[in-house]
Amino acid sequence: MRINIIWFRDDFRLTDNPTLQLAARNAQALLCVAVNQAPNELNQWGETALPFARRSAHSSATWQQAAEGLHQQLQTLGQGLQLLDTVQAIADLVAALRTAHPSATIAVVTQAIPAPYEQAHAWALRDALDDINAASGEPAPIELLEVDSADLLSGDELPFGQAHTLHKLPSVFTAFRQQVERAGMPVRAWVPPPSALPLPPVGFEPAKQPGCVAAFDAQSTQQPPLHLSLDVPEQFDDPVHISERAGLAHVRWYFADQKAHSYKATRNGLMRTPQTGAGYATKLSPWLAKGCVSAATVWQALKAFEAQHG
């Protein structure tokens, strides 16, 4: 039996999610988790890391909105998202699964994020899994598998991507784009949303394990309100909601008419004008930041726009 745990980080989506694709492949059981330690700003083991909040209340609210949206979509596939308070709680879940299913092959699958804070979390979890492996002595070690699910291009194939040629990395984006286009680099394959997912392990209740928190409790004193207003009328026509469904709807809205044709002329505006309306720029960053929409999905929408409108 193979049990996979998918640790959602900055990839709160079903559509075009290579991490989810790998986690579901060949698994007989699947647990979906996310770690939200922003409110108290703790490090990976629940210790105070900074004397100030790393994320604002609005940023924390968007994280929770994205997690709640993913949870609702997972429920349609017989799954759900379990919130954890620290990375240590993932290791605790793995240890509990090892006890409950001693003969199972277990792996944690997550998005690779090349940033120091996020890498420290992955390294700490890998060390904890090594300790579990050493203690259990099982022939099939528990693995942490990291997937480059946020990339549009393969870093290994960039014309200046090798360690000994990084000095050739262009200093501005236009030169970067031109070199990539001349090299004929393909965009990575787009992954359709799953039509089915493995179910959670039978009889295993992650909500009763240490570090698991009440999911999507708007009244919790440990979490900011899920529906904290994100009304930005100078930027958007309607209050912003951060979820995959809302992000995909925004992509469809942007490419529904000719807004993309005027992008270069209006993109540097800091707010709407009577002439441009809310479509002076793509304003996709809120959904890209939480991984509710992938760069590959936006690329597909752009290519479809170009095929229709030139």
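This note sets out points on the fold, the cores, the aromatic groups and the backbone of the structure above.

1. Overall architecture. The model under discussion is predicted. The protein holds nine helices and five strands. Along the sequence, these elements follow the order β-α-β-α-β-α-β-α-β-α-α-α-α-α. A student tracing the chain should therefore expect strands and helices to alternate up to β5, with a run of helices closing the pattern.

2. Burial and surface. Of the 310 residues in the protein, 45% count as buried. The accessible surface amounts to about 15700 Å², and carbon and sulfur atoms account for 55% of that area. Among contacts in the protein with a separation of 6 or more, 78% involve residues 24 or more positions apart.

3. The largest nonpolar core. In soluble globular proteins, nonpolar side chains tend to be buried together. Here the largest nonpolar core contains 34 residues, and those with the most contacts inside it are Phe 8, Phe 12, Leu 74, Leu 81 and Phe 255. Two or more residues are contributed by each of β1 (2–8), α1 (18–24), β2 (29–35), α2 (57–75), β3 (81–84), α6 (244–254) and α9 (295–309). Helix α2 supplies the largest share of this core, namely five residues.

4. Phe 12 and the other core. Which residues does Phe 12 touch, once those up to four places away in sequence are set aside? They are Ala 34, Trp 63, Ala 66, Ala 67, Leu 70, Leu 81, Glu 244, Lys 290, Gly 291 and Cys 292. Apart from the largest core lies another, of 28 residues, which includes Ile 3, Ala 91, Val 108 and Leu 125.

5. A polar residue under cover. Gln 82 is located in strand β3. Is Gln 82 buried or exposed? Its relative accessibility is 11%, and the limit for burial is under 20%, so Gln 82 counts as buried. Beyond its neighbours within four places in sequence, Gln 82 is in contact with Cys 32, Val 33, Ala 34, Pro 206, Ala 207, Cys 212 and Val 213.

6. Aromatic pairs. The whole structure contains four aromatic pairs. In one of them, the ring centres of Tyr 254 and Phe 255 are 5.2 Å apart and the planes meet at 90 degrees, so this pair is edge-to-face. In another, the ring centres of Phe 255 and Phe 305 are 5.9 Å apart with the planes at 50 degrees, so this pair is tilted. The pair of Phe 255 and Phe 305 links distant parts of the chain: Phe 255 belongs to the loop between α6 and α7 (263–266), Phe 305 belongs to helix α9, and 50 residues separate them.

7. The aromatic cluster. Tyr 254, Phe 255 and Phe 305 together form one aromatic cluster. Each member is buried: Tyr 254 has a relative accessible area of 2%, Phe 255 has 14% relative accessibility, and Phe 305 has a relative accessible area of 4%.

8. Charges over rings. The charged end of Arg 9 sits over the ring of Trp 7, at 4.3 Å from its centre. Lys 259 lies over the face of Trp 253, and the distance to the ring centre is 4.2 Å.

9. Cysteines. A disulfide is a covalent bond between the sulfur atoms of two cysteines. How many disulfides does a search of the whole structure find? The number is zero. Cys 32 is buried at 2% relative accessibility, and Cys 292 is buried with a relative accessible area of 1%. These two residues also appear in the contacts described above: Cys 32 is in contact with Gln 82, and Cys 292 is touched by Phe 12.

10. Backbone angles to check. Most residues other than glycine have a negative phi. Asp 16, which is not a glycine, has a positive phi of about 50 degrees. Asn 26 likewise has a positive phi, near 60 degrees. Asp 16 is in the loop between β1 and α1, while Asn 26 is in the loop between α1 and β2. Their surroundings can be contrasted: Asp 16 is buried, with a relative accessible area of 0%, whereas Asn 26 counts as exposed at 61% relative accessibility.

Methods
Residues numbered from 1 in each chain as written. Predicted model: local features only at pLDDT ≥ 70, side-chain atom pairs only at ≥ 80, totals over all residues. Heavy atoms only, no water. Core = buried A, V, L, I, M, F, W, Y, C linked by side-chain atoms within 4.5 Å. Buried < 20%, exposed > 50% of the residue type's maximum accessible area, 1.4 Å probe, protein only. Helix = DSSP H or I, 4+ residues; strand = E, 2+ residues; numbered from the N terminus. Contact = heavy atoms within 4.5 Å. Phe/Tyr/Trp six-rings, centres within 6.5 Å; stacked < 30°, edge-to-face > 60°. Lys NZ or Arg CZ within 6 Å of the ring centre and 35° of its normal. Disulfide = S-S within 2.5 Å. Areas by Shrake-Rupley, 256 points an atom, 1.4 Å probe, with all protein chains shown as cover.
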